[in-house]
Amino acid sequence: MKTFSSSSSVSRRFEREKDNRELELRRRKCCRSTIINNDHNHHHSIIKSYHCNCHHHHHHNVNKSQLLLTIIIIIEILNGVWATRTNLSPRFKSDNNDFDTQSEIIVRVKEGASSLNKEIYHLYGEDPDNDPLTFGVLGTLGKDLLRIESLSNNEAKVYLKKELDREIQDSYTLVLTLTDGKLGKGNYITKSLLLIVEDINDNAPIFRPFRTAILVKENAKPGTLIETFEAFDSDEGRFGQVFYQLDDEIHDTNSLGSNMFSIQTVDGMCKGILRLSGQLDYERKSLYQLRILAIDRAMEDSRKTSTAAIVIQVEDVDDQPPIFTSIPSITRISEDTPIGGHVLQVTAIDGDKGVNNPITYRIIKGGNGL
Ligand SMILES: [Ca+2]
Ligand SMILES: [Ca+2]
Ligand SMILES: [Ca+2]
Ligand SMILES: [Ca+2]
């Protein structure tokens, strides 16, 4: 009995060990994957114990996956929020290269009407999120000068809206804006635009005040300075350099005007010096009308000219002897001519037409008794 009992207890122990091994095996399987759940009804006690064991495990797994799911959902939500919050900013691009962040756009435009409504620049932008881009310009001055026309989602043309005058302002610093519509109202990416106004020859020289009527003594020596002219031209470089000429088209009656005077340009001083170059003669010509031309040094077909008209009055000097106009060669005087009576009338005029020299008469010889 004891043997039996012992043999039966051995057999039970064996059974128990077998069960345990099986249980362990199943547990391992179970823990490896939750799909194995279905064939647990092999042995009741085992299943029970297994269930007991695995039930705990399953519970734990459900909690874990719920947590995982929750975490994933939260991450998804956060991702969404993050994505909208971290909209990637657009940026300006040049046509083929990215801009250096510090560099500004430099545009050169000729002054004057020829540049009006011309396309002066082509804008490119880039947005990592491919948002449609809007270009603009800041400030009233910028809006006054530029018109920006959108071409596509990331391109725009810049037109000059206003006629520029270099002589008033030769450059403008403007600020271009770029938004993807997500940066928020009033937020822009900006880029500095330097607008350089280039010169054209649109100004004629302007004379400084000068004497329009000048009196010159007829005996003035050739080379005498008559007047200095000064004309300023506000254009740049050669467009603003001035030289002087006498207008040959004005001919006085003797056609001596161009020889009688000459004008010399003093380079670098904007001055023209009018000198006498011939010998004046009041008796021959007492009035000269001159036209002084101030011309800039642009190419011949685009030169600009101003004229100064002056009158030169020749001043008479007493350089001519008087001339008798009537003098009888023989005069008869009757004997009874009373003393103090009329003997002879002579007249003379001064050779100088302008100077009202008084003519004095004297009898030089043979005047005894007269
Ligand atoms: Ca964006
Ligand atoms: Ca101008
Ligand atoms: Ca000029
Ligand atoms: Ca100019």
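What spacing do the donors of the calcium ion (ligand 2) follow along the chain? I began my notebook with this question, keeping in mind that I am reading a predicted model. The spacing I found is E-x53-D-x1-E-x34-D.

Entry on the site. I looked up the donors themselves and noted that Glu-111 and Glu-167 each coordinate the calcium ion (ligand 2) through OE, while Asp-165 does so through OD and Asp-202 is listed twice with OD, at 2.0 to 3.1 Å. I then saw that Asp-165 sits in the loop between β6 (155-160) and β7 (171-179), whereas Asp-202 sits in the loop between β8 (189-198) and β9 (206-207), so that the pair, 37 residues apart, links distant parts of the chain. Glu-111 also bridges the calcium ion (ligand 2) and the calcium ion (ligand 4), and I wrote down 3.8 Å as the distance between these two ions.

Entry on exposure. I checked two of the donors and found Asp-165 partly exposed, with a relative accessible area of 29%, and Asp-202 partly exposed as well, at 32%.

Entry on the cores. Turning to the largest nonpolar core, I noted 25 residues, of which Phe-229, Tyr-244, Phe-261, Leu-274, Ile-292 and Ile-312 touch the most other members. Among the elements that give two or more residues to this core are β11 (225-232), β12 (242-246) and β15 (287-296). A second, separate core has 22 residues, including Val-107, Leu-160, Leu-176 and Leu-195.

Entry on one residue. I followed Tyr-244 and, leaving aside residues up to four places away in sequence, found that Tyr-244 touches, among others, Phe-207, Phe-229, Ile-263, Cys-270 and Ile-292.

Methods: Residues are numbered from 1 along each chain as its sequence is written. Chains are lettered from A and ligands numbered from 1 in the order in which they are written. This is a predicted model: local features need pLDDT of at least 70, side-chain atom pairs count only at pLDDT 80 or more; totals for chains, interfaces and linings use all residues. Side-chain values use heavy atoms; hydrogens and water are left out. Donors are N, O and S atoms within 2.8 Å of the metal (3.2 Å for Na, K and Ca); water is not among the atoms, so sites may look incomplete. Helices (H or I, at least four residues) and strands (E, at least two) are DSSP runs, numbered from the N terminus. Buried means under 20% relative accessible area, exposed over 50%, partly exposed in between (1.4 Å probe, protein chains only). A nonpolar core is a set of buried Ala, Val, Leu, Ile, Met, Phe, Trp, Tyr and Cys residues joined through side-chain atoms within 4.5 Å. Contact means heavy atoms within 4.5 Å.
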